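Here are a few short exercises on how two chains of a model meet. Have a look at the structure first, then work through them.

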Amino acid sequence: MKTRIHPVLIVLTVLTFLFLLGPLVVIIGSALSDTTYLTFPPQGLTLHWFANIFEISAFTRTMGTSFMLAVGGTTLSMLIGIPAAYALARYRIELPAFLGNVFVLPILIPEIVLGFSLMKSLASGIGLPITLALLVGHALIVLPYTVRVVGASLNSFDFSIEEAAVSLGCPRIKAFFTVVLPNIRAGIIAGFILAFITSLNDVSISIFLTGPGVSTLPIQLLAHMEQFFDPTIASVSVLLMGVTVAVMAVVERTLGLTFLTK
Amino acid sequence: MSNRLRAWLLATPAILLVFIFLGLPVLATFATTFGDPKGPFSTYAAFFNSRFRMTVLWRTMEVALITTIISVAIGFCTAWVVARMPGRIKSLLIIAAVFPLLTGVVVRSFAWLVILGKNGILNNFLLSIGAIAEPLSMLYTQGSVIVAMVYLFVPLMILTLVGVLEGIPQDMTDAAASLGATPAAAFRQVVLPMAVPGLIVGAVLVFTGSFTSYATPQLLGGERQMMMGTFLYQRAMVTFDWVGASTIAAVMVVVTLTTVLVMSKAARKLNPMAG
Amino acid sequence: MTQSLTLENINAHYGTTQVLENLSLHIAEGELVSLLGSSGCGKTTTLRLVAGFLEPTSGSIKLGDRDLTRLPAHSRDIGLVFQTYALFPHLTVRDNVGFGLKQRNISAAERKKRVDTMIERVGLGELADRHPANLSGGQRQRVALARALVIDPPLLMFDEPLSNLDAKLRVDMRVEIRRLQQANGTTALYVTHDQEEAFSISDRVAIMKGGKIMQLDTPEVLYSQPANAFVADFVGFDNMIEMEAVAEAGDAVRAQMAGGVQIDLPKSQFTIPSKKFLFATRPEGLLVEPESTGSGIPAQLGMRTYIGRAYQYHCETAGGIVMANGPQATPLESGSAAVLVPQPEQCCLLPTES
């Protein structure tokens, strides 16, 4: 099959991808630089700045918090989102059409507004502990991902298989766990991991719900940047990119990365 | 148990989560804006009469609009090429677009801090080739914010549009060619109109995303290039003016929802059959 | 203005796989020729080559005396009806039909006249302002047809145009297609995997396999005189029995099959292609009769099924299992011995494959 592409477009595409990947290369380079300031290309090579991450307790502590928060928030959102996605896919005619849109609301409402409102109503208003407010906030912002990605799996699931199991004498709940769940495994894993990275990278919710003693890694990075400008930030960034690579590997193995173009 | 009841029961926890922790707090924020003793709309009057606040609002709109236009242009051209590449190269390019997309906004904005700073890479490069004598102040300008925002949203645009373009069957362009349409005419009369709804969806994502962004304007715009997101944070957490912050929040929600509603309507109108 | 189509020594490859092998084909002016074969036989590739969506590795394609081989698709001036119809979803019926005229810079007034006439001709007058999504399958098919016809192409091509319609509509539409094609006298190339469709609509049919044309002839000839085992099997000669001519027996040739069974084939009805040959029949070409009645191929009857106009039997013969029909009036029990009497008009002799 021959389709000719104008050379100008090819050049433009190459430039676009240089633009997309260049800055990330810059970060990796400056994380390796043997200088006390950020520079690129790196002058001398050292892994010192990676070691330094673990010298700064603010980083190690917030890393732990961010990880726990991402796991907790995503799990909570999965526990709530999977039944909803199942109901939407399985009982399409029984539920009003707008219900699907309800779960997209956390995307529609600006995150920063949600963060502010959660802080005002939950943390300040009813005195909910800040960690709990953070957890709820993160569960909320990843809910659209869990419902949508799991929902995509469920939409291509043939529910007559579940009915077959029930007709063979399997109770409905058991049928869900033994027949439905294994067949939408890819969607659940991909949904989990995409939600996880979204939560891990979140700024707009967390910025309002951090306080003395409780902070997340992105917020800590922001704060650190305002005071120091050494390669430690770059090395933390490289670590986060490593997480991204892992996430991409998982998505590729489950739904395939092209799923993200759908 | 009827299917209807079962369906509602399964959906209830999620509905409650959204209602209690999103619906109520956001409504409470809205309510705050009407509770001013000087009258229910006095906070809005104050907002729209304040030159500073209006400057921030217009600046945010401007930055979001420019970001959207540039992202759409770059995204469309790139997606056009990516969609036409053979399988292996295409997957590599998609990986190259997904990687920055899944990398956090702080990391991605930080990269531009390193590049555009006074002692940054770009200044050092320009100095070393003698293009400039003094380092340029590129940070904390509208330009730096827009560059970083475009950087943030181009991957999203590429991925959305690759999906849209791949959704246009080869048969469509073949049919156009068989009827005598040159590649350019087929693009203009068939591909573009069919891509418009997807293009609008992508553009709305970019516009609302940049309109409500926080980390990027905070890092690359600073105080001087205050945008709605950073302004909201400053009012809420620095000056503790929660009524003022709530008003900013309400304006952001109204602008975002209006954009989404108007544009999705436009998308349906422009192409009644592909949506 | 209609023109003939000539393909000469076409070779085509997908990567390193050869999909068309030295294919030549001539379609006379006003003639409708079908390419018939199962998927992967090269019929769609041939059509796409003529349309200009693919380039042949070698060979030439001519429309009249215009060489199309290296011409871009949009300059070929061929009306094409797609399997998926490929209607533009964002355009109304009217704009879909007018698309080709617009590319030819025909004035708006003239365009409207021709589009309206064509829409009327395919019976879609009421629906001119609808979008394709609001049409039924049959209506979409008519739009696709109108869109291809309105540009008045010297050649029309159809890529499995009816495969997405239900059975009844399929028959109606193929009559419609034939009617319009003949009324315009347009040369046409028609691709299908449906034998009945190809035979009913075509002047000639090319049966394809593995990138080659196995036989190209009128439906009547293909049906009664297949040239080789592949075509014979394709047109329903389900039974193939290997035979060898062993002797002359008056005005017949004595042929012997496995197990030493011999039958006489009258020279007036059979031409022996070679010493060893295949005796091919449809089930109705072998009449099942009780063993006592006559001479034929001895068989042991297996399962009997009722097929409406006759009974059909699985018969075990020395040459293998064959299918044969027996009269409705006298059903025979499975397990009984019988003879299969060849009915010359439903049989043919083929050279064995080398």
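This is a predicted model, where local features need pLDDT of at least 70, side-chain atom pairs count only at pLDDT 80 or more, and totals for chains, interfaces and linings use all residues. Residues are numbered from 1 along each chain as its sequence is written, chains are lettered from A in the order in which they are written, and side-chain values use heavy atoms, leaving out hydrogens and water.

**Exercise 1.** Find the polar links between chain C and chain B.

Start with polar contacts (N or O atoms within 3.5 Å, one able to donate a hydrogen and the other to accept it; residues adjacent in sequence count only if both atoms are side-chain atoms). Five residue pairs across the interface of chain C and chain B qualify, both partners at pLDDT 80 or more. Next, look for salt bridges (a side-chain nitrogen of Lys or Arg within 4 Å of a carboxyl oxygen of Asp or Glu). The rule finds one here: Arg48(C) pairs with Asp174(B), at 2.9 Å from N to O.

**Exercise 2.** Work out which elements of chain C touch chain B.

Take helices (H or I, at least four residues) and strands (E, at least two) as DSSP runs, numbered from the N terminus. Strand E6 (78-81) and helix H2 (93-103) of chain C each supply at least two residues to the side touching chain B. H2(C) gives the largest share, four residues.

**Exercise 3.** Gauge the extent of the interface.

Count contacts (heavy atoms within 4.5 Å): 23 residues of chain C meet 21 of chain B.
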